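The exercises below take one protein model from its overall layout to single residues. Work each one with the structure open, then compare with the solution.

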Amino acid sequence: MNARGTPVQGSWGACRFCGVAVRSGAEKCEICGAPAPLSAAEIPSAPKRVRRWLRFTGLFRSLIVVGVVVGITYAVVSAVIQGPPVLTGDPLTTATTYVLAPGNFSMFWGEITGGDFVIGNFSSVQPAGTNIALNVYNTTQWIAFANHSVTNASWSVAPTDSGRIVFSAPVTANYYFVFVNPYPRSSHLSIAFYETTQYESNVAGGGFY
């Protein structure tokens, strides 16, 4: 508009439906496709409900922009305050509750660098006082175990209601931590137990204590 409030030729109009600005002379809204948009000259004399609608859509779009800016600002500030994310994908750092049917087993596995440790503990939860056995196998012995062949565990804990895990890998390899319900199938004794483990690196100047 000029100084007298009269729209300047070529000024942008507005869509009657979505309220976005429409270039002068357009026959339809280039955003929503609604026909007969209002020209800049028609807006001041448009029906009150139309002018109210244009003000509402304008305010709504402004709120969306403000919301996006606030959201981006919050995300950036949070990332700066919290620092880089901590990856927790180590399969040998665990905290899990299992339920084992009699004669069955559960296991987890991962690669351990020679000289590094996996430490932790386990205990039966229900029924209280029931026993769980733990065997740690390398890949060759795990295959033998899975095929019901004779095995030689790299480390083991005899059946007990609670036990401590302190396993040091002799060489770098994949190791399988296998928990077994030692009771025969005829006992129908399923056991719920809890285990937790943590991978400990035995780097120079560090180690396990």
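Helices (H or I, at least four residues) and strands (E, at least two) are DSSP runs, numbered from the N terminus. In that notation the protein chain reads β-β-α-β-β-β-β-α-β-β-β-β. The model is predicted: local features need pLDDT of at least 70, side-chain atom pairs count only at pLDDT 80 or more, and totals for chains, interfaces and linings use all residues. Residues are numbered from 1 along each chain as its sequence is written, and side-chain values use heavy atoms, with hydrogens and water left out.

**Exercise 1. Judge how far the coordinates can be read.**

Step 1. Take the chain average of pLDDT, the predictor's confidence in each residue, from 0 to 100. The mean is 81, and 84% of the residues reach 70 or more.

Step 2. Look for weak stretches. Residues 1-9 stay under 50 and have eight contacts (heavy atoms within 4.5 Å) beyond four places in sequence. Residues 204-209 also stay under 50, with seven such contacts.

Step 3. Apply the general rule: where pLDDT is low, the predicted coordinates should not be read in detail.

**Exercise 2. Describe the chain as a whole.**

Step 1. Count the elements: there are two helices and 10 strands.

Step 2. Assess burial, where buried means under 20% relative accessible area, exposed over 50%, and partly exposed in between (1.4 Å probe, protein chains only). Of the 209 residues, 31% count as buried.

Step 3. Take the surface by the Shrake-Rupley method with a 1.4 Å probe; for residues, only the protein chains shown count as cover. The chain exposes about 13100 Å², and carbon and sulfur atoms supply 60% of this area.

Step 4. Check the sequence range of the contacts. Among those with a separation of 6 or more, 69% come from residues 24 or more positions apart.

**Exercise 3. Work out the sheet that contains β10.**

Step 1. Find the strand order, taking two strands as paired if DSSP finds at least two bridges between them. The order is β3-β10-β5-β8 in an open sheet of four strands with antiparallel pairing.

Step 2. Locate the edges. β3 (94-100) and β8 (162-168) each have a single partner strand, so one side of each is left without a neighbour in the sheet.

Step 3. Give the twist. Axes are lines fitted to C-alpha atoms, for helices over the stretch in contact, and angles run from 0 to 180 degrees between N-to-C directions. Neighbouring strands here are turned by 20° against each other on average, direction ignored.

Step 4. Follow the pairings of β10 (residues 191-200). Seven bridges join this strand to β3, and nine bridges join β10 to β5. T197 of β10 is the bridge partner of T94 and also stands opposite G120.

**Exercise 4. Do the same for the sheet that contains β6.**

Step 1. The order is β4-β9-β6-β7, again an open sheet of four strands with antiparallel pairing.

Step 2. β4 and β7 (155-160) stand at the edges; each has a single partner strand, so one side of each is left without a neighbour in the sheet.

Step 3. From one strand to the next, the twist averages 15°.

Step 4. β6 and β7 pair over four bridges, and S156 in β7 is the bridge partner of N135.

Step 5. Add the helix: α2 (residues 139-146) packs on the sheet and touches β4, β6 and β9, its direction making about 125° with that of β6.

**Exercise 5. Is N135 buried or exposed, and which is T140?**

Step 1. N135 lies in strand β6 and is buried, at 18% relative accessibility.

Step 2. Leaving aside neighbours within four places in sequence, N135 contacts A153, W155, S156, Y176, F177 and V178.

Step 3. T140, in helix α2, is exposed at 56% relative accessible area. T140 and N174 are 34 residues apart in sequence, and their C-alpha atoms are 9.8 Å apart.

**Exercise 6. Identify the hubs of the largest nonpolar core.**

Step 1. Such a core is a set of buried Ala, Val, Leu, Ile, Met, Phe, Trp, Tyr and Cys residues joined through side-chain atoms within 4.5 Å. The largest has 20 residues, of which I112, F177 and F179 touch the most other members.

Step 2. Two or more residues each come from β3, β4 (105-112), β5 (117-126), β6 (132-138), β8, β9 (173-180) and β10.

Step 3. Beyond four places in sequence, the residues that F177 touches include L92, I112, V118, L134, I165 and F167.
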